[in-house]
Amino acid sequence: MVTMGPYTQPPTVVASEGGSVPGQGSQRPPETPGPIFIMGAMGSGTTLLRLMLDSHERIAIPRETGFMRAFNANKFIPFKWSGRKWFKRLGWSEKEWEELLRNFYDSAFQRLVEQRGAARWGDKTPYHTWHIDDMARVFPDAVFIGVMRHPGGSVASNVTRWDPAANPR
């Protein structure tokens, strides 16, 4: 049993040692080349999971980037009546434009992958919860990991997050 404060829950086993799936013998799951996206509310444990995954030699996940907000900004110019889908006036279809943006952001993250000698990249930004549909469409080979925590634990984490007395540095 895993105990976190007053909340107790049984642990969930996703894969056993050596990367094999329980009940599948030594068969390893196929390696997915796409990015890894960690999704969850602030205070749910996404940073801890990011640190654990980032410590793996084949995975590079930087601190929160918020890149999907920039992705959306490349598709929509705010406060301009003709700002929505402006790229169509240049002859780009939405599918072509998103592929161009996918390649741009994939290249940007690949720099970190190469610097660390890793094989794939990932991102953990709580605000990306609002962009899951776009992320799944633009990165169809991505793996999404959802983190859920009892709301009481998340609230307690967020209340003490900015309280200097509760969180001395």
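**Figure 1. Overview of the chain in the predicted model.** The accessible surface of the chain comes to about 11600 Å², and carbon and sulfur atoms make up 58% of that area. The chain has 169 residues, of which 31% count as buried. Five helices and six strands are present. Read from the N terminus, these elements follow the order β-β-β-α-β-α-α-β-α-β-α. Among contacts with a separation of 6 or more, 64% join residues that lie 24 or more positions apart.

**Figure 2. Close-up of H128 in the loop between β5 and α4.** Strand β5 covers residues 120–124 and helix α4 covers residues 132–138, with H128 in the loop that links them. The relative accessibility of H128 is 1%, so the residue counts as buried, the cut-off for this class being under 20%. The side chain of H128 reaches the backbone nitrogen of F67 at a distance of 3.5 Å. Not counting residues up to four places away in sequence, H128 touches M39, T65, G66, F67, M68, D123 and M135. F67 thus appears both in this contact list and as the partner of the H128 side chain at 3.5 Å.

**Figure 3. Close-up of F109 in helix α3.** Helix α3 spans residues 94–116, and F109 is part of it. F109 counts as buried because its relative accessibility is 7%. With neighbours within four places in sequence left aside, the contacts of F109 are P62, T65, F67, W121, G122 and D123. F109 and D123 are 14 residues apart along the chain, and 9.1 Å separates their C-alpha atoms. T65, F67 and D123, listed here as contacts of F109, are also among the residues that H128 touches.

**Figure 4. Close-up of S44 in the loop between β3 and α1.** Strand β3 consists of residues 36–39, and S44 sits in the loop between this strand and helix α1. S44 has a relative accessible area of 8% and is therefore buried. A polar atom of the S44 side chain lies 2.6 Å from the backbone oxygen of A41. Leaving aside neighbours within four places in sequence, S44 is in contact with V147, R149 and S154.

**Figure 5. Close-up of the second largest pocket.** This pocket has a volume of about 160 Å³. Its lining is made up of 13 residues, and those closest to the centre of the pocket are M42, G43, T46, T47 and R161. Two or more lining residues come from each of the helices α1 (46–54) and α5 (151–161). By class, the lining of the second largest pocket holds three nonpolar, six polar and four charged residues. Rolling a probe the size of a water molecule over the atoms shows where space is left empty.

**Figure 6. Close-up of K85 in the loop between α2 and α3.** Helix α2 comprises residues 67–73, and K85 belongs to the loop between α2 and α3. The phi angle of K85 is near 55°, a positive value in a residue other than glycine. K85 counts as partly exposed because its relative accessibility is 34%, a class that lies between the 20% limit for buried and the 50% limit for exposed.

Methods
Residues numbered from 1 in each chain as written. Predicted model: local features only at pLDDT ≥ 70, side-chain atom pairs only at ≥ 80, totals over all residues. Heavy atoms only, no water. Helix = DSSP H or I, 4+ residues; strand = E, 2+ residues; numbered from the N terminus. Buried < 20%, exposed > 50% of the residue type's maximum accessible area, 1.4 Å probe, protein only. Polar contact = N/O pair within 3.5 Å; in protein donor to acceptor, adjacent residues only side chain to side chain. Contact = heavy atoms within 4.5 Å. 1 Å grid on protein atoms, 1.4 Å probe; cavity = no way out; pocket = protein on both sides within 12 Å on 5 of 7 lines; lining within 4 Å. Points joined across faces, edges and corners; volume = space filled by probe spheres on them. Nonpolar A, V, L, I, M, F, W, Y, C, P; charged D, E, K, R; others polar. Areas by Shrake-Rupley, 256 points an atom, 1.4 Å probe, with all protein chains shown as cover.
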